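Biologist: Please show me the model, and I shall ask about its parts one at a time.

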Amino acid sequence: MNIVVDHDRMRVTGLDRLGASNCTEFKQMLKLHLNESCQLVEVDCALIRFIDSDGLGALISIHKWLAPRAGKLRLREPLPVVRQLLRLLHFDEIFEITP
Amino acid sequence: MNANATSALRRDFRSSLRLESPCEFSAVRSATLQVRDWLAEKGLSEAELGGWELALVEAANNAVKYVPAEKRNLPVVIEISAGERDVEARITDHTAGFEWPEEIDLPDVESENGRGLFLIKSLTDNVAYLRNSHQNVMVLQRARAKVEKELVPDSGRLQAKLAEAEAALNDMTAELASSYESLVAMFRYSAELGAHTDVKDFSQRLLRDLMQIAEADCAVLRLLSTDGKKLETLLVLPDHAPAILPPVALVENKPSVEIGAARNRQDIWFDPDEPLDKYDPLYAVMPVGNGICHAFFVANQLVGTAALGRFAAEKPFTAAQVNLLHTFIDFLAIQIVNARLLDERTATRVTRRELQIAADIQRSLLPESVPACLPLELSVACQSALQVGGDFYDLIPAGDGAVLLVIADVMGKGVPAALFAAVLRSTIRSMPQLFSQPAELLEAANRTLYPDLSRVDMFATAQVVYLDSRGAKLVSASAGHCPLLFWQPSKAEASAIGQSGFPLGIEVSAKYYQTATVLPPGSAALLYTDGLSEMRNAAGEMLGEKRLLELLARAGAQTTDTHAARHFLLGRIADYCGNAPLTDDQTLILIRNTA
């Protein structure tokens, strides 16, 4: 997992899965690099072929950290299987999913 | 999950996979990936694989997340089976468990938790959560997607499935054949149960059959020794002499899986990863490969051990083959114990017959009739505690109206005592020139018998009485025997007369003394063995010489008939003892002057 912070944007790449076994590390790493000026967190989902409820919980956690600061979480290019899951759980209503 | 769903699972041919995973997130994740790969081999679509992967991860994560600390060492078990119509998974957890909710709604969209069960339910057709006190099982079932593959057969996959079905059919056929062979062997052996079969021959045949059916290369059968201290080799198959396996003592602390199995009452397995110790005696027969050692018991008593070995490292014994070993060897154990019981019964029968013969011989040595020496009259009784006893008596006509009375008690009972009684009888009968001198007779008999009696640490007591009818006189001598009791009508009480010397066989140059007594008309004298005076009543008190003297006086006063007096004596003694069974031989000779 790589994290690049550029002014008010953070970009997360290199994730191939997000589940119970790595979600705690994911949350900790992101919160370590987040600062008050951060307005957008982009998670590159192109390689993520598996995500479970704990992984989704971690995304919610980041979302909740950003929301009071008018920031947002963007999930980039999720695979169909992940997109389907996000839709099933109505996460498409709170995250920005592109494209 | 409803009942129809579970019962439907078994209608088609299924294959299954079972995984035990350490109770950690990363480990259960690896396990679910293995399951995914396995399901891919079964032909599930990518969408189905994704659904099963997520459902299993959610179920397994719950098993890890909520397990109490003390059960974290227990594995999470994932079992999955796939058929043509559906897939079923079972996830076993050791958490406190929960009630599966009737309705599962999504939590608030901003909640970080609470979506796992919703996902599981969404991704499967049926879910059941079975709880018990030790563990819980989540059962997931989902129908397989209908794909066009059925219309356009994939020949490669069809061939693979055909091969799989053939392999399964071959396994089933082999198992059926093995079961058939086992049953046939059992029926054959059943016919021999209870028969007097040679144990080694029977064991050899049974072990050879077992080796063939269980596909073993070698076998060792040991039996517990008669002293119960060691395991002795009965058979080593094939083509090994039992001598190459010396006995092993049960108390030894040397490496031996046979002793381990016998002590712990548990089968012991060995294989290339955990081979036999080089110093284990069994190593000489089973140095490589796989093996199992089984100790067998009957009525909780160790009978022996049986070990089976297979030289191929990659072919451990299957559970079915181990069951076969147990069945065959339990059967063998029964036959071994039966054979031993039959041997013991035969030996007992032979001993009883020999005792009967000895008793017949002993009876034949007793006088057939009582010699007349009027006015003196004799009445005799002799009872043996065993069929063969150590008491004996003899009545030998000594010419001129004289009779020699001998009453003796050889130490001990049974055949050895009876043998010496016979020897004593012959020895005395061989010295007629000494009949009138009982003391000299005893000294001579003692010198003759001493070497034989002392060699086997035996001895005999004897009372010899020379009865002279002409003067109603008796001359007696005793070798450690009970005293002669004497009663005459002019006196109220009876008394013991004579002086006793060493029993025969104690002292080679023993001296004996003789006493001459005249029996007045109506008087009586009693010779007896200690079996009579040592009879005990219910309180454990011995009859004793004093009571016997009283009884003799009462018998003498009661009747002038000699036989009636003997009956009176025996009757009162029986009353005293409460008709208790004899514990020692009893012999008495009653002498009465009937003038």
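Biologist: How many other C-beta atoms lie within 10 Å of A:Glu77?

Modeller: This is a predicted model, in which local features need pLDDT of at least 70, side-chain atom pairs count only at pLDDT 80 or more, and totals for chains, interfaces and linings use all residues. Residues are numbered from 1 along each chain as its sequence is written, while chains are lettered from A and ligands numbered from 1 in the order in which they are written. A residue is buried if 20 or more other C-beta atoms, placed from the backbone, lie within 10 Å of its own, exposed if 12 or fewer, and partly exposed in between. A:Glu77 is partly exposed because the number of other C-beta atoms within 10 Å is 15.

Biologist: In which loop is A:Glu77 found, and what is its phi?

Modeller: Helices (H or I, at least four residues) and strands (E, at least two) are DSSP runs, numbered from the N terminus. A:Glu77 is in the loop between strand S6 (72-76) and H3 of chain A. Most residues other than glycine have a negative phi. A:Glu77 is not a glycine, yet its phi is positive, at about 50 degrees.

Biologist: Is B:Asn300 buried or exposed?

Modeller: B:Asn300 lies in the loop between strand S10 (290-298) and strand S11 (301-310) of chain B. Its phi is also positive, about 70 degrees, although B:Asn300 is not a glycine. Because 6 other C-beta atoms are within 10 Å, B:Asn300 is exposed.

Biologist: Which residues does A:Ile94 touch, not counting residues up to four places away in sequence?

Modeller: A:Ile94 belongs to the loop between helix H3 (80-88) and strand S7 (96-98) of chain A, and it counts as partly exposed because it has 16 C-beta neighbours inside 10 Å. Two residues are in contact if their C-beta atoms, placed from the backbone, lie within 7 Å. By that rule, and leaving out residues up to four places away in sequence, A:Ile94 touches A:His63, B:Val109 and B:Glu110.

Biologist: Which element gives the largest share of the side of chain B that touches chain A?

Modeller: In total, 18 residues of chain B are in contact with 18 residues of chain A. The elements of chain B that give two or more residues to this side are H2, H3 and helix H4 (116-123). The largest share, 6 residues, comes from H3(B).

Biologist: Which strands stand at the edges of the open sheet of chain B?

Modeller: Two strands pair if DSSP finds at least two bridges between them. The open sheet has 5 strands in the order S1-S2-S3-S5-S4 (chain B), with antiparallel pairing. Two strands each have a single partner, so one side of each lacks a neighbour in the sheet: they are S1 (15-21) and S4 (126-131) of chain B.

Biologist: What angle does the direction of helix H2 of chain B make with that of S1(B)?

Modeller: S1(B) runs antiparallel to strand S2 (residues 76-82) of chain B, and 7 bridges join them. Helix H2 (residues 25-41) of chain B packs on the sheet and touches S1, S2 and strand S3 (86-93) of chain B. Axes are lines fitted to C-alpha atoms, for helices over the stretch in contact, and angles run from 0 to 180 degrees between N-to-C directions. The angle between H2 and S1(B) is about 170 degrees.

Biologist: Why are the buried residues of H6(B) on the same side?

Modeller: Helix H6 (residues 199-213) of chain B has 15 residues and reaches 21 Å, close to the 21 Å expected at 1.5 Å a residue (the expected span is 1.5 Å times one less than the number of residues). Its buried residues are B:Ser203, B:Leu206, B:Leu207, B:Leu210, B:Met211 and B:Ile213. They lie on the same side of H6(B) because their arc around the axis, taken from the directions from the helix axis to the C-beta atoms, is only 165 degrees.

Biologist: Which residues are exposed on the other side of H6(B)?

Modeller: The side in question is the one opposite the buried residues of H6(B). The exposed residues there are B:Asp201 and B:Gln212.

Biologist: Which residues touch the most other members of the largest nonpolar core?

Modeller: A nonpolar core is a set of buried Ala, Val, Leu, Ile, Met, Phe, Trp, Tyr and Cys residues joined through C-beta atoms within 7 Å. The largest one has 69 residues, and those that touch the most other members are B:Leu405, B:Leu424 and B:Leu552.

Biologist: To which residue does a cis peptide bond join B:Leu374?

Modeller: Most peptide bonds are trans. Here omega is about 10 degrees, and the cis bond joins B:Leu374 to B:Pro375.
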